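Here's a quick tour of a protein model, written for someone who likes to poke at coordinates. Pull it up in your viewer and follow along.

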Amino acid sequence: MKFRHYFIDKGSKMKKKCIFTLIELLVVIAIIAILAALLLPTLSKAKGTAQRIKCVNNLKQLAMAFQGYAEVYEGWGPATSSSAAYKSIPPYIFGPIHPKHADKTLVPFFSGQLAEGVYAADARHNEAPMPKLAICPTGRRDKSIQTDTTPNDTVQNCAGSNVAAPNNSYSVNTFLASPVGTSNVARWHTFWKVKHPSIRILMADVEYGRGASWSGTRANQLARINQFSYRHNNAVNIAFADGHVSIFQYFEGERLGDGSSVNSSASQKVKWAWHDM
């Protein structure tokens, strides 16, 4: 690029100044704009990769917490359905939870924050924020980023009143949870009896569900592929019973079928992804 030089006489000294013409300035701006356009997609991709890695780490730690829970409770995971003993606890298995009910959740096994204050009959679990480990940086089950509860989905608290359900990002394979209060219990068994842990889904990214109800993607009720959230550039992170986490593209995730309705025509591998029946 050429510069135009102007010489200005100030007394006996000659000073040299370099200035841009308008055209040259516009050329520089255009080059900067082109470089920015080339770099922005790369930066966006790098951000997405970092978020996916954070999500993978979350799932790995939650999988370890589930294994720790199973070791303490004779191979069973937290309860999948409400009952007299568990009351309204199942949707809170990732927290937040009051200390009185923490032993029925995974929270103590990943050192999650417990709700503070005096325990009341209505069990105000939402006194504490949602544990960071239960939140994917890309989104939550209602697709938002910030909100800790989901006004469109309510659960009953211990007093029988409806309150907004926790807005986490993940859900546990319901067939690996304790079958308290469930039907068709033949599909449920202890964590240690999983025959093919490397392909058994333990937990995954979820959203409200394509065609499924809000309640279908609470923290304890993952049972079908239409609950997966493909929030990572059209891919979903899935943790398996052996502790590893894999990323599944949309076409791969859709092959896993529905654990709640697998039949004799489904491949054995699809059945094993959810339970051993």
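What follows covers the nonpolar cores, two buried residues, the largest pocket and the aromatic pairs.

## The nonpolar cores

Keep in mind that this is a predicted model. Its largest nonpolar core has 36 residues, and Phe66, Phe94 and Met203 are the ones that touch the most other members. Helix 1, strand 6 (170–172) and strand 8 (201–205) each put at least two residues into this core, with helix 1 giving the most, 9 residues. Apart from that core there's another one, of 17 residues, including Ala204, Ile238, Phe248 and Ala273.

Phe66 is a handy place to start looking. Setting aside residues up to four places away in sequence, Phe66 touches Gly77, Pro78, Leu106, Val172, Leu176, Phe191, Leu202 and Met203. As a general backdrop, nonpolar side chains in soluble globular proteins tend to be buried together.

## Two buried residues

Leu59 sits in helix 1, which runs over residues 22–72. Leu59 counts as buried because its relative accessibility is 0%, and the cut-off for buried is under 20%. Beyond residues up to four places away in sequence, Leu59 touches Tyr170, Met203, Ala204, Asn237, Ile238, Ala239 and Val245. Val245 is 186 residues from Leu59 along the chain, yet their C-alpha atoms are separated by 7.1 Å.

Then there's Pro78, found in strand 3 (residues 77–79). With 1% relative accessibility, Pro78 counts as buried too. Leaving out neighbours within four places in sequence, its contacts are Phe66, Tyr69, Ile93, Lys104, Leu106, Ala177 and Ser178. For Pro78 and Phe66, 12 residues apart along the chain, the C-alpha separation is 8.3 Å.

## The largest pocket

How much space lies in the largest pocket? About 250 Å³. Helix 1 turns up here as well, giving the most to the lining with 5 residues. Both helix 1 and strand 10 (245–249) supply at least two lining residues each.

If you want to select the lining, pick Lys45, Gly48, Thr49, Gln51, Arg52, Thr138, Arg231, His232, Asn233, Ala235, Ile247 and Gln249. Sorted by class, that's 2 nonpolar, 7 polar and 3 charged residues.

## Aromatic pairs

The structure holds 8 aromatic pairs. Which residues do ring pairs link into a cluster? They are Phe228, Tyr230, Tyr250 and Trp274.

Technical notes
Residues numbered from 1 in each chain as written. Predicted model: local features only at pLDDT ≥ 70, side-chain atom pairs only at ≥ 80, totals over all residues. Heavy atoms only, no water. Helix = DSSP H or I, 4+ residues; strand = E, 2+ residues; numbered from the N terminus. Buried < 20%, exposed > 50% of the residue type's maximum accessible area, 1.4 Å probe, protein only. Contact = heavy atoms within 4.5 Å. 1 Å grid on protein atoms, 1.4 Å probe; cavity = no way out; pocket = protein on both sides within 12 Å on 5 of 7 lines; lining within 4 Å. Points joined across faces, edges and corners; volume = space filled by probe spheres on them. Nonpolar A, V, L, I, M, F, W, Y, C, P; charged D, E, K, R; others polar. Phe/Tyr/Trp six-rings, centres within 6.5 Å; stacked < 30°, edge-to-face > 60°. Core = buried A, V, L, I, M, F, W, Y, C linked by side-chain atoms within 4.5 Å.
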